[in-house]
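Here are some short exercises, each with a worked solution. Keep the viewer open and take them one at a time.

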Amino acid sequence: MPELPEVEVTRLSFSDRIRGAKVTAVRLGKPLRWSLGCDPRSIVAQTVGEVTRRGKYLWLELDRGGLLMHLGMSGSLAFGPGSDAPGPHDHFDLVTAKGTLRLTDPRRFGAVVWSASADSGAAAKLLGRLGIEPFDAAFDGAHLHAALRRRRVAVKTALLGGDIVVGAGNIYACEALFEAGIDPRTRSDRISRPRADRLALAVRSTLARAVELGGSTLRNFRDSHGAAGAFQAQARVYGRAGEDCVRCGASVRRIVQGGRATFFCPGCQRR
Ligand SMILES: [Zn+2]
């Protein structure tokens, strides 16, 4: 499933190239998770502006509004020259004078939704409940500590929720907690301010590293899920149950929290 770093790597892969391109056609395939919400012909002749990211959503600005895009479980976006006929899993094409932006999504949990602006209409509804961006300067230990104090669930579960901070998906939450030396089972409201400081830094640096790795391993624009793979190969606890901890030598453990696998080191991650 594409996580925040993969979405950011995808954005970086085409945002500069598509800026200023005039839309010449819109092609729709099979229905996606949500409908487009406008007549596709109304998008033609509009010009693409900035492509920005919020959580795992991309916002592609157009003259009279924009398109909110989500990759769902299995989607990928590719921007390339020309406009080959869509394949069986290609369900949205934004054909422009500079090339075609294509959403390929075998499971069709992804979506492309028209909205009059990023902070009104359909976009506001979908983005409204998201937590703060991990790379936002306002995301720091004080912010995280205040949010965690209101939760009684395990800190890892709180991170995965996405309503405190976006982007800490399963791999990244496990790795950030390892980085910060915090046991993933620790109750959120028992995390001290100094530990929240360390955790906020760890979340940010873990995600930044994943974006960097994704960018460096992105071979072509069809392979935008390379980020998770490259990151996982370098993960220090995720997927490493039974292996020796790189920091203290204890055996890495796997447990299940809220139906998701958690990996941690019982030696150097404390409650
Ligand atoms: Zn350890």
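Accessible areas here come from the Shrake-Rupley method with a 1.4 Å probe, and for residues only the protein chains shown count as cover. The model is predicted: local features need pLDDT of at least 70, side-chain atom pairs count only at pLDDT 80 or more, and totals for chains, interfaces and linings use all residues. Residues are numbered from 1 along each chain as its sequence is written, and side-chain values use heavy atoms, leaving out hydrogens and water.

**Exercise 1.** Describe the surface and burial of the protein chain.

*Solution.* Start with the accessible surface, about 12,100 Å². Carbon and sulfur atoms hold 51% of that area. Next, turn to burial (under 20% relative accessible area, 1.4 Å probe, protein chains only): 51% of the 271 residues count as buried.

**Exercise 2.** Why does the radius of gyration of the protein chain agree with a compact globule?

*Solution.* First apply the globule rule, 2.2 Å times the number of residues to the power 0.38, with the radius taken over C-alpha atoms. For 271 residues this gives a value near 18 Å; the protein chain has 20 Å, so the two agree. Then look at the C-alpha trace, which spans about 60 × 35 × 30 Å along its principal axes.

**Exercise 3.** Is helix 5 largely enclosed or open?

*Solution.* Count the secondary structure (DSSP runs: helices H or I, at least four residues; strands E, at least two; numbered from the N terminus): the protein chain has 7 helices and 10 strands. Now go to residues 170–180, helix 5: 10 of its 11 residues are buried, so the rest of the structure largely encloses it. Among them are Tyr-172, Cys-174, Glu-175 and Phe-178. Finally, step past the helix to Gly-181, which follows with a positive phi near 70°.

How values were computed: Buried < 20%, exposed > 50% of the residue type's maximum accessible area, 1.4 Å probe, protein only.
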